Amino acid sequence: MQSTRGRAGRKGCGTRARSRRRSGSLGGKRGLLAVSVGARGSAFTDRGAHGPLAEVLFPLQHGVFWFTGMAALEPFAAYGTVGLPEEGFAAVAEAYGRRLDGLFTEEPMPFRRLDGDYGRDMRLREGLERPGTSGLGLHTR
């Protein structure tokens with residue numbers, strides 16, 4: 001009788017677990033992060049104090065949405081929300097509504113495929129990166 005345990009001896013570490021990870025348990029769903037930030041938008045740029053928002057949110061966009069099979073959408077961010085006046089709140093609410101209108105037609109973020117772009121060691125295969133790309137940018141097509 002063959003064991004259902006994987007090589008590491010833990011249940012679920014075999015082929016079934018790997019194939020499930022390819023499409024993920026939430027495959028076919030879309031994920032949208034909506035965040036409100038007290039800081040100005042300029043603080044979340046390549047030279048901003050916090051770095052690009054895409055890099056700040058990468059663990060959620062890629063590590064949670066993408067890895068579970070969801071199509072991650074570009075996040076919606078409302079910046080400068082500390083002390084936001086009523087008219088500013090109305091503008092943010094309207095912008096968020098417009099964003100939600102396109103929820104099912106918007107192109108997802110172009111993350112790479114786990115089954116093909118990465119080796120068994122979970123590292124991006126050599127030669128797939130765009131010239132000059134490094135860091136988290138390696139994980140997008």
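These are my notebook entries on a predicted model of one protein.

**Entry 1: overall layout**

I began with the secondary structure and found 5 helices and 4 strands. I then read the elements along the sequence, and the pattern came out as α-β-β-α-α-β-β-α-α. The protein has 141 residues, and 28% of them count as buried. I looked up the accessible surface too: about 9800 Å², with 54% of that belonging to carbon and sulfur atoms. For contacts with a separation of 6 or more, I noted that 66% join residues 24 or more positions apart.

**Entry 2: confidence**

I checked the pLDDT before going further. The average for the protein is 83, and 83% of the residues score at least 70. Residues 1-22 fall below 50, and this stretch has 15 contacts in the model beyond near neighbours in sequence.

**Entry 3: the nonpolar core**

How many residues does the largest nonpolar core have? I found 16. Those with the most contacts inside the core are Phe44, Phe65, Trp66, Ala72, Phe111 and Tyr118. I followed up Phe65. Setting aside residues up to four places away in sequence, Phe65 touches Gly31, Leu32, Leu33, Leu60, Met70 and Ala72.

**Entry 4: helix α3**

Helix α3 covers residues 58-65, and its buried residues are Phe58, Gln61, His62 and Phe65. I wanted to know why they count as lying on the same side of α3. They cover an arc of only 125 degrees around the axis, so they share one side of α3. I wrote down the general rule beside this: an α-helix has 3.6 residues a turn, so residues three or four places apart point the same way. I also looked up what the buried residues of α3 pack against, and found β1 (30-31), α2 (53-56) and β3 (71-72).

**Entry 5: Gln61**

Gln61 sits in helix α3. Is glutamine 61 buried or exposed? Its relative accessibility is 2%, so Gln61 counts as buried, the cut-off being under 20%. Apart from neighbours within four places in sequence, Gln61 is in contact with Leu33, Trp66, Ala72, Leu73, Glu74, Pro75, Met109 and Phe111.

**Entry 6: His139**

I moved on to His139, which is in the segment after α5 (114-117). Which side chain does histidine 139 join through a polar contact of 2.7 Å? The partner is the side chain of Tyr118. I listed the residues His139 touches, leaving out those up to four places away in sequence: Phe58, His62, Pro110, Phe111, Arg112 and Tyr118. Of these, Phe58 and His62 are among the buried residues of α3, and Tyr118 is one of the core residues named in Entry 3.

**Entry 7: Arg125**

Arg125 is also found in the segment after α5. Its relative accessible area is 42%, so I entered Arg125 as partly exposed. Its contacts, without neighbours within four places in sequence, are Gly116, Asp117, Tyr118 and Gly119. For Gly116 I noted an atom-level detail: its backbone oxygen lies 2.9 Å from a polar atom of the Arg125 side chain.

**Entry 8: Ala95**

Last, I looked up Ala95 in helix α4, which covers residues 86-101. At 23% relative accessibility, Ala95 counts as partly exposed. I also took the spacing between Ala95 and Ala77: they are 18 residues apart in sequence and 9.9 Å apart in space, C-alpha to C-alpha.

Notes: Residues numbered from 1 in each chain as written. Predicted model: local features only at pLDDT ≥ 70, side-chain atom pairs only at ≥ 80, totals over all residues. Heavy atoms only, no water. Core = buried A, V, L, I, M, F, W, Y, C linked by side-chain atoms within 4.5 Å. Buried < 20%, exposed > 50% of the residue type's maximum accessible area, 1.4 Å probe, protein only. Contact = heavy atoms within 4.5 Å. Helix = DSSP H or I, 4+ residues; strand = E, 2+ residues; numbered from the N terminus. Areas by Shrake-Rupley, 256 points an atom, 1.4 Å probe, with all protein chains shown as cover. pLDDT = per-residue confidence, 0-100. Arc of directions from axis to C-beta. Polar contact = N/O pair within 3.5 Å; in protein donor to acceptor, adjacent residues only side chain to side chain.
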